[in-house]
Amino acid sequence: LPSQSRQAKDFFQHLEMHLRQELPFVTGRDHIAYRGFFLPVANVSDADLCDHFYHLPTKTQHTIAADLDRAPNDVAKKLDDAKHRLL
C-alpha cells in the first residue's frame, strides 16, 4: 500500500510491526527479508500482511487496536479505505 500521508505511513508501519509479532513465519524466514528479497521497496506497506488483521482472534485485534489508539472497527475501516482507494 503506498502511503498518501505521514500519518497513514506511520499507522500501517505500526500495524505491520504488531502483525509480524503475532503471526508465525510461513516461509521460515523473517517477513521483511522475505518480502524484500527480490525487489526491496521503501515507504510501501505490505497489504497481504495487513489483511491478516481480519483473521486474528478478537482479543488480539483489540490489543493491537489499543496500541494504535483506535478501535478494531476503525483499524478495519482504515484497511478497507486503503484497499478501495487503490482499486
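What we have here comes to 5 helices and 0 strands in the secondary structure of the protein chain, and if you read along the sequence you get the pattern α-α-α-α-α. I should say at once that this is a predicted model, and that everything I go through this morning is computed from it.

Let me begin with confidence, since it governs how far the rest can be taken. The protein chain averages a pLDDT of 82, and 75% of the residues score at least 70. Among the elements, helix 2, which spans residues 31-35, has the lowest mean pLDDT at 64, whereas helix 4 has the highest at 95. As a general caution, where pLDDT is low, the predicted coordinates should not be read in detail. I will therefore say nothing further about the geometry of helix 2, given its mean pLDDT of 64.

Turning to the chain as a whole, buried residues make up 30% of its 87 residues. The exposed surface of the protein chain is about 6,000 Å², of which carbon and sulfur atoms supply 54%. If we take the contacts between residues at least 6 apart in sequence, 67% of them join residues at least 24 apart.

Now to the interior. Which residues have the most contacts inside the largest nonpolar core? That core has 14 residues, and the ones in question are Phe12, Leu15, Leu19, Phe53, Ile64, Val75 and Leu79. Helix 1 (6-22), helix 3 (47-51), helix 4 (58-67) and helix 5 (72-86) each supply at least two residues of this core, with the largest share, 4 residues, coming from helix 1. In general terms, nonpolar side chains tend to be buried together in soluble globular proteins. To take one core residue by itself, Leu79 touches Phe12, Leu15, Cys50, Phe53 and Tyr54, leaving aside residues up to four places away in sequence.

Helix 4 deserves a slower look. Within helix 4, Thr60, Gln61, Ile64 and Ala65 are buried, and because they cover an arc of only 130 degrees around the axis, they sit on the same side of the helix. The face of helix 4 turned away from that buried side carries the exposed residues Thr58 and Lys59. What covers the buried residues of helix 4 includes helix 1 and helix 5. Just after helix 4, Asp69 takes a positive phi of about 60 degrees.

Is Gln61, one of those helix 4 residues, buried or exposed? Its relative accessible area is 14%, and it therefore counts as buried, the cut-off being under 20%. Leaving aside residues up to four places away in sequence, Gln61 touches Phe53, Tyr54, His55, Leu56 and Pro72. Phe53 and Tyr54 are thus among the residues touched by Gln61, and they are also among those touched by Leu79.

That leaves the charged pairs. Side chains of opposite charge can pair when their charged atoms come close, and in this model the count comes to 3 salt bridges.

In one of them, Arg20 pairs with Glu16, the closest N and O atoms being 3.4 Å apart. Both residues lie in helix 1, 4 residues apart, about one turn of the helix. Glu16 is buried, with a relative accessible area of 6%, while Arg20 is partly exposed at 24%.

A similar spacing is found in helix 5, where Lys77 and Asp81 lie 4 residues apart, about one turn of the helix, and their side chains meet in a salt bridge at 3.3 Å, N to O. Here Lys77 counts as partly exposed at 49% relative accessibility, and Asp81 counts as partly exposed at 40%.

The remaining salt bridge is between the side chains of Asp51 and Lys83, again at 3.3 Å, N to O. This pair links distant parts of the chain, with Asp51 in helix 3 and Lys83 in helix 5, 32 residues apart. Asp51 counts as partly exposed at 25% relative accessibility, as does Lys83 at 30%.

How far apart in space are Ala47 and Lys83, C-alpha to C-alpha? They are 8.3 Å apart in space, with their positions 36 residues apart in sequence. Ala47 has its place in helix 3, and is partly exposed, with a relative accessible area of 26%.

How values were computed:
Residues are numbered from 1 along each chain as its sequence is written. This is a predicted model: local features need pLDDT of at least 70, side-chain atom pairs count only at pLDDT 80 or more; totals for chains, interfaces and linings use all residues. Side-chain values use heavy atoms; hydrogens and water are left out. A nonpolar core is a set of buried Ala, Val, Leu, Ile, Met, Phe, Trp, Tyr and Cys residues joined through side-chain atoms within 4.5 Å. Buried means under 20% relative accessible area, exposed over 50%, partly exposed in between (1.4 Å probe, protein chains only). Contact means heavy atoms within 4.5 Å. pLDDT is the predictor's confidence in each residue, from 0 to 100. Accessible areas come from the Shrake-Rupley method with a 1.4 Å probe; for residues, only the protein chains shown count as cover. A salt bridge is a side-chain nitrogen of Lys or Arg within 4 Å of a carboxyl oxygen of Asp or Glu. The arc is that of the directions from the helix axis to the C-beta atoms.
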